[in-house]
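Hi,

Here is the model I promised to pass on. Have a look at it first, and my notes follow underneath.

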Amino acid sequence: MWRRLGALGPGILLAVMWAAPSPAAGAAAAKNPVKIGYVGGFTGVVADLGTAHIGGAKLAVEDVNKAGGINGRALELVIYDDAGDPTTSVTRVQRAITLDGVEAIIGGTHAATTMANRVVTNQAKMVQMSPQAQNRELTQGMPWLFRVGTMDLHNARALVALMIKLGYKKPAIQASTSAFGESGARSLREALEAKGIKWVAEEKHKEGSADLTPQVLAAKKAGADVLLLWAQGVDAALMAKTRRQLGYEVPMLGLDSMMHASALPIAGEAYEGVIAVSIADTSRPDVRELFARFEKAFGAAPATIYSPLLSYDAVQLLARGLRQVAPPEGKVDQARLKAALEGITDYQGMIGPKGTTWRFSATNHDGLPEGASVFYRVQSGKWVRYMALADLGQM
Amino acid sequence: MAGRRVRRTVRVGGPVLALLFLAAFPLLGLKPYFSQLMDMLGIVLLLILGLNLIFGYAGQISIAQAGFFGLGAYTAALLQAKLGWPFPLAVLAGVASPSLLAAVLGTPILRLKGYYLALATIGLGTMVYEALEQWQDLTGGPIGVMGIQRPPALDGEALYYYLIWGLAVLAFLMVRNLDRCAVGRAWVAIRENERAAAAMGIDAARYKLLAFVLSAALAGLAGGLYAFLNRYISPDSFGLNYSMILIASMIIGGAGTLGGALIGSGLLVLLPELTQAFADYHLLVFGAILVLVLRFLPRGAWGSLRRHVADHRAGEATAASPTPEPQALAGTPR
Amino acid sequence: MFDQLVIAGIATGCIYALLALGMTIIFNSSSLVNLAQGELLMAGGLSYVSFAAGQKLSFALALILAMACAAWVAMLAEGLALRPLRVANAPIVNAIVMTIGLSMVFKSGGEVVWGKTPLPAPSPASTTALWIGGISIAPQNLLIVVSAVLAMGIFWFFFDHTLIGRALQAVSTNREAAWIMGINADRMVLLAFALSGALSALAGVLVAPITAAAPTMGTMLGLKGFSAAIIGGFGSLWGAVAGGILLGLSESLTAGYVSSGFSTFISFGLVLLVLFLKPAGLLPTRR
């Protein structure tokens with residue numbers, strides 16, 4: 001008898017899952033909303049990034065609706081989880097477009113998924129905002145994709161500029177073996193070459209490694225006087241500890257992925273003096289207010305400082321375009337939406353120091369200008385704003 | 001009697017209906033979402049049919065299927081996107097490259113048994129994945145291969161769908177015929193007891209290698225089709241995790257059975273879509289179903305169904321209850 | 001540089017050795033390869049964080065509780081999922097795939113319980129390095145090696161010099177004979193699983209302060225543990241240890257001298273080579 005019951009188990013599980021109401025259902029459905037699909041990774045490898053992203057998006061939707069929505073119509077976010085997997089992401093975007101009738105897509109949470117799913121919106125000729133991926137190929141050949149964020153080349157150049165200003169001459173590149181890391185390493189190489197600097201070592205590590213001694217030793221052996229990092233928080237923390245343990249107390253400069261909430265507690269003292277470059281400026285009162293709202297609404301501070309801001313700006317930019325073209329009822333004309341977004345030349349959002357102005361055009365879908373970077377440094381066990389890139393000249 | 005007539009109708013009518021549905025599908029007003037799902041279903045079916053050959057029929061644990069899938073996809077993708085090869089040649093090359101790898105490494109690998117074999121195939125699959133990810137000059141590294149172009153004739157969804165399913169049906173028939181002829185029987189003999197099979201004069205090594213190479217070929221075909229479906233591939237899709245999910249799907253459906261391959265593919269592709277509400281728990285449910293199936297329904301959905309029907313028939317003929325026998329993963333042959 | 005890489009390799013190797021040891025203990029008692037071993041490490045690491053960081057318990061207490069948790073999970077798996085397969089005389093393939101299913105359940109279960117963000121783990125070891133003869137030794141690595149050696153010592157003593165340990169050995173050598181002698185094989189297998197879980201939990205507690213504890217921490221480590229057991233010679237306790245150290249060393253040295261990007265590729269290449277040339281492993285089995 002138990003056998004029979006057990007045999008029915010899988011069937012029962014499937015039936016329950018299929019029939020269960022979605023947790024999102026039950027929220028009051030607005031009349032005649034303008035729906036945008038948000039495809040991100042809320043489970044799996046990039047789960048905490050995705051969660052930080054969607055929080056910012058939700059707050060933005062709130063603000064848009066408070067300010068009158070889209071010409072009186074409510075803006076509605078339809079959320080899809082792709083678990084950080086490119087194949088799933090493609091299907092999710094398809095579903096959003098085909099089944100749920102969204103007017104635009106925001107997503108994915110990292111380069112791997114965005115590179116895959118942008119093909120779908122491109123084929124469907126639908127506008128997509130990408131709130132995270134930094135690799136330069138992202139918008140090439142993709143006329144319907146708009147990048148909300150920075151290109152890693154810009155961040156790399158900022159880092160190199162700082163490095164030169166601080167007087168270091170023999171950098172070692174340390175990057176993770178993911179798409180994010182590889183693209184970053186490539187940008188670092190270019191930025192260094194442009195300044196005529198030769199890096200003394202280039203090392204890679206797998207994300208989540210248990211030991212980074214070989215990579216650090218290779219840099220030490222090559223005589224590097226600074227480490228340039230393009231790594232996830234946990235790995236950066238381990239690298240910081242390892243270099244200290246080996247008596248090789250070189251400075252570490254890197255991308256703001258190093259500022260992930262889990263990194264500092266792991267690295268402890270080893271992180272003292274580490275510098276990160278970011279496009280988020282936490283000295284701005286409106287940014288601080290957004291973080292406070294985030295924590296209040298979702299129970300915890302976001303895992304990274306940039307993710308909520310990127311999604312916030314993505315929604316606001318999209319809303320701006322939608323306001324220009326959305327009819328009182330019915331579907332949005334995608335070509336007109338695209339043109340409206342391309343016509344934005346004066347958007348000032350949450351990203352970058354105050355006054356950073358976005359500029360899109362028919363030929364430029366990477367609207368964030370270069371130079372919107374801010375440096376942070378760990379001082380007395382806390383991340384402190386160090387200076388904006390713009391102020392580098394006055395150092 | 002009546003029972004037999006019903007069974008015959010189902011046996012003939014079932015596949016005919018299925019084929020009719022497949023053929024008519026694009027005419028139902030093809031929306032991209034549904035065609036994407038059906039396309040993926042066809043591709044996953046190819047993967048699981050291949051896995052079935054080596055694991056289900058021949059009984060050799062292979063956890064390398066995702067690696068072969070990736071090798072096929074990358075071969076086809078790189079040849080088209082970087083060297084401009086025409087679509088048919090690129091896909092054929094995608095079939096050839098994992099087949100070659102399987103042919104070369106198959107002999108030493110298949111000499112191993114049980115968990116040694118499991119680890120060897122894990123190692124093989126992982127090495128392929130690492131090579132795809134690290135050899136950037138060749139593969140583009142983790143950023144993947146973009147700009148894969150279908151020939152203009154196949155740019156439309158309907159034709160590509162027919163291509164995928166045409167090939168999937170062909171593969172299905174091939175596996176079915178292999179299963180019925182001497183090769184299939186040899187595989188089952190090897191699976192049940194390799195030594196006894198050898199004693200009966202079956203060259204186990206050759207048959208196992210055949211299954212391995214065929215499974216790699218089907219995976220390579222699936223890979224080529226996949227690359228041109230999404231027009232973009234990256235190493236993420238071809239890791240060890242996917243190999244395990246393929247095995248899980250095959251077993252839940254029913255290893256060593258054709259119906260099982262269909263059910264398993266359906267589960268893999270459709271489960272995430274039907275259960276959107278529980279995105280957080282997908283892997284948990286998948287694993288739980290696998291555990292439950294192995295515990296209570298080791299023959300999988302199709303295998304158990306078939307066994308149930310066979311038992312019922314045996315029960316009709318005689319009053320004797322069947323003796324409990326070891327529940328193998330694959331059902332009785334045929 | 002060489003000496004430094006060796007030290008790092010030995011420390012990582014000890015983690016692999018503990019995992020390999022755990023897998024060997026299970027294999028010896030039930031002829032089953034546990035592909036969910038890494039998840040037992042994960043259960044140990046994450047529950048340790050809950051006890052040590054969350055509840056602020058002392059290291060020793062948190063460690064014992066973490067080991068108990070993992071042991072409990074392992075026993076559950078054996079009793080509910082694996083024993084019925086053994087009783088039904090199912091082919092060993094079923095059991096191996098069952099452990100694959102269990103690893104999926106454990107991994108996502110871990111995500112549900114502890115969330116997806118990596119959690120920092122406290123450690124009694126200080127963060128200042130010790131300098132001996134020009135080589136820097138991280139106290140955490142020292143802790144790893146010392147704990148591993150202690151654990152192995154305890155196990156050697158247990159297996160060779162206590163009644164229960166010898167009963168466990170008897171079951172692994174010849175089940176029927178052991179049963180005839182009055183040893184309850186089922187209970188012994190349960191014990192083996194508990195011990196294996198505890199060992200893997202220890203590994204998890206030792207590695208968590210380095211990598212942070214996350215539900216995905218066990219997957220790759222479990223695979224490396226499996227590889228280590230095979231390299232050393234599956235079934236042999238000393239083989240598991242030797243295989244672990246060897247794997248750790250080769251990884252560290254190839255990452256340092258050959259290529260850091262291709263180190264996993266090379267590691268598995270080595271595994272394949274061992275499997276092709278000497279599948280019984282590099283050390284003779286103690287059977």
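How many residues of chain C are in contact with chain A, and how many of chain A with chain C? Before the answer, please keep in mind that this is a predicted model. On the chain C side there are 25 residues, and they meet 28 residues of chain A. Helices α1, α8 (185-211) and α10 (237-257) of chain C each put at least two residues into that side. The most comes from α1(C), with five residues. By class, the chain C residues facing chain A are twelve nonpolar, twelve polar and one charged.

Now for the other neighbour. Chain C uses 37 residues to contact 36 residues of chain B. Here the helices that each supply at least two residues are α3 (59-87), α4 (92-114), α9 (217-232) and α11 (263-277) of chain C. The largest share, 15 residues, belongs to α4(C). The class split on this side of chain C is 27 nonpolar, nine polar and one charged.

Next, a helix pair inside chain C. Helix α1(C), residues 2-30, packs against α9(C) with the axes 8 Å apart and at an angle of about 75°, which makes α1(C) roughly perpendicular to α9(C). From α1(C), the contact is made by I15(C), Y16(C), A17(C), L19(C), A20(C), M23(C) and T24(C). From α9(C), the residues taking part include L221(C), G222(C), F226(C) and G232(C). Counting both helices, this contact has ten nonpolar residues, four polar and one charged.

I15(C) is worth clicking on, since you will meet that residue again. The largest nonpolar core has 344 residues, and I15(C) is one of those that touch the most other members. The others in that group are L229(A), L47(B), I247(B), A17(C), A70(C) and A201(C). What does I15(C) contact, leaving aside its neighbours within four places in sequence? Within chain C the partners are I144(C), A203(C), L206(C), V207(C) and L221(C), and from chain A there is A210(A).

One last stop, in chain B. Helix α7(B) runs over residues 157-180, which is 24 residues. From first C-alpha to last, α7(B) reaches 35 Å, close to the 34 Å expected at 1.5 Å a residue. Which residues of α7(B) are buried? They are Y161(B), I164(B), W165(B), L167(B), A168(B), A171(B), V175(B) and D179(B).

Shout if you want to go through any of this together.

Cheers

Definitions and conventions
Residues are numbered from 1 along each chain as its sequence is written. Chains are lettered from A and ligands numbered from 1 in the order in which they are written. This is a predicted model: local features need pLDDT of at least 70, side-chain atom pairs count only at pLDDT 80 or more; totals for chains, interfaces and linings use all residues. Two residues are in contact if their C-beta atoms, placed from the backbone, lie within 7 Å. Helices (H or I, at least four residues) and strands (E, at least two) are DSSP runs, numbered from the N terminus. Ala, Val, Leu, Ile, Met, Phe, Trp, Tyr, Cys and Pro count as nonpolar, Asp, Glu, Lys and Arg as charged, and the others, Gly among them, as polar. The expected span of a helix is 1.5 Å times one less than its number of residues. A residue is buried if 20 or more other C-beta atoms lie within 10 Å of its own, exposed if 12 or fewer, and partly exposed in between; C-beta atoms are placed from the backbone. Axes are lines fitted to C-alpha atoms, for helices over the stretch in contact, and angles run from 0 to 180 degrees between N-to-C directions. Angles under 35 degrees count as roughly parallel, over 145 as roughly antiparallel, 65 to 115 as roughly perpendicular and the rest as oblique. A nonpolar core is a set of buried Ala, Val, Leu, Ile, Met, Phe, Trp, Tyr and Cys residues joined through C-beta atoms within 7 Å.
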